[in-house]
Amino acid sequence: MSEVYAFIEAEKTTHNVALLCRLLKVARSSFYAWLAGEKTRLARRAADDALAHEITVLHLASRGAYGVPRIHAELRRLDRRVNRKRVERVMRERDIAGVTRRKRRSLTRPAKRAVPAADLIGRDFTASAETGR
């Protein structure tokens with residue numbers, strides 16, 4: 001939706017805002033609300049960039065091992081109060097990821113040369129066409 005508002009912002013010098021809003025089927029009040037929030041969005045983006053710098057420093061100090069939980073714990077230890085979901089979002093947007101542990105391998109594996117056991121009962125599991133229920 002912000003692309004629509006950005007388009008209206010770019011074209012408002014050549015066309016009337018009310019006309020553009022009517023053609024694009026958006027409320028004029030929502031365009032002006034979006035326009036008023038620009039300063040807030042820029043401030044949040046600057047704060048996210050500063051947080052990303054701190055996260056990058058901590059991530060590099062851990063030699064790339066720390067993920068979201070440990071980065072969040074380190075930030076809390078440094079008296080930087082920030083939400084874990086925000087840390088997760090910033091790390092995801094900037095492709096910062098910790099090292100994940102290997103998946104556990106199963107301890108029991110079938111032998112490659114194992115011979116299947118003989119069928120001592122002689123059961124037949126093929127489907128028959130006579131049981132047409």
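Where is the place of Asp-95? Asp-95 sits in the segment after α6, and we'll come back to it once we've walked through the helices. Keep in mind that this is a predicted model.

## Two helices that cross

Let's start with α1, which covers residues 2–11, and α3, which covers residues 28–36. These two helices pack at an angle of about 90°, and their axes are 10 Å apart. That makes α1 roughly perpendicular to α3, because angles of 65 to 115 degrees count that way.

Who actually meets whom here? On the α1 side you'll find Ser-2, Tyr-5, Ala-6, Ile-8 and Glu-9, and on the α3 side Ser-30, Phe-31, Trp-34 and Leu-35. Sorted by class, the contact of α1 with α3 has six nonpolar residues, two polar ones and one charged one.

## His-72 and its partners

Next up is helix α5, made of residues 68–77, which is where His-72 is found. Is His-72 buried or exposed? Its relative accessibility is 15%, so His-72 counts as buried, given that buried means under 20%.

If you skip the neighbours within four places in sequence, His-72 is in contact with Val-82, Asn-83, Arg-84 and Val-87. Val-87 is a nice one to look up in the structure: it is 15 residues from His-72 in sequence, yet their C-alpha atoms are 6.7 Å apart in space. With Val-82 there is also a polar link, as the side chain of His-72 reaches the backbone oxygen of Val-82 at 2.9 Å.

## The two sides of α6

Val-87 brings us to helix α6, residues 84–93, where Val-87, Val-90 and Met-91 are buried. Those three cover an arc of only 100° around the axis, so they end up on the same side of α6. What do the buried residues of α6 pack against? They pack against α5 and against α4, which spans 38–61.

Turn to the face that points away from the buried side of α6, and you meet the exposed residues Lys-85 and Arg-92. Lys-85 also plays a part at the N-terminal end of α6, which Asn-83 caps: a side-chain oxygen of Asn-83 lies 3.2 Å from the backbone nitrogen of Lys-85. Asn-83 is also one of the residues that His-72 contacts.

## A second buried histidine

Helix α4 has a histidine worth a look too, namely His-59. With a relative accessible area of 11%, His-59 is buried.

What does His-59 touch, not counting residues up to four places away in sequence? Its contacts are Gly-64, Ala-65, Tyr-66, Ile-71, Ile-96, Ala-97 and Gly-98.

## Two positive phi values

Most residues other than glycine have a negative phi. Against that background, take a look at Lys-25, which is not a glycine but has a positive phi near 60°. Lys-25 has its place in the loop between α2 (17–24) and α3. Its relative accessible area is 76%, so Lys-25 is exposed.

And now back to Asp-95, as promised. Asp-95 isn't a glycine either, but its phi is positive at about 55°. Asp-95 counts as exposed because its relative accessibility is 71%, and the cut-off for exposed is over 50%.

Conventions: Residues numbered from 1 in each chain as written. Predicted model: local features only at pLDDT ≥ 70, side-chain atom pairs only at ≥ 80, totals over all residues. Heavy atoms only, no water. Axes fitted to C-alpha atoms, helices over the stretch in contact; angles between N-to-C directions. Helix = DSSP H or I, 4+ residues; strand = E, 2+ residues; numbered from the N terminus. Parallel < 35°, antiparallel > 145°, perpendicular 65-115°, else oblique. Contact = heavy atoms within 4.5 Å. Nonpolar A, V, L, I, M, F, W, Y, C, P; charged D, E, K, R; others polar. Buried < 20%, exposed > 50% of the residue type's maximum accessible area, 1.4 Å probe, protein only. Polar contact = N/O pair within 3.5 Å; in protein donor to acceptor, adjacent residues only side chain to side chain. Arc of directions from axis to C-beta.
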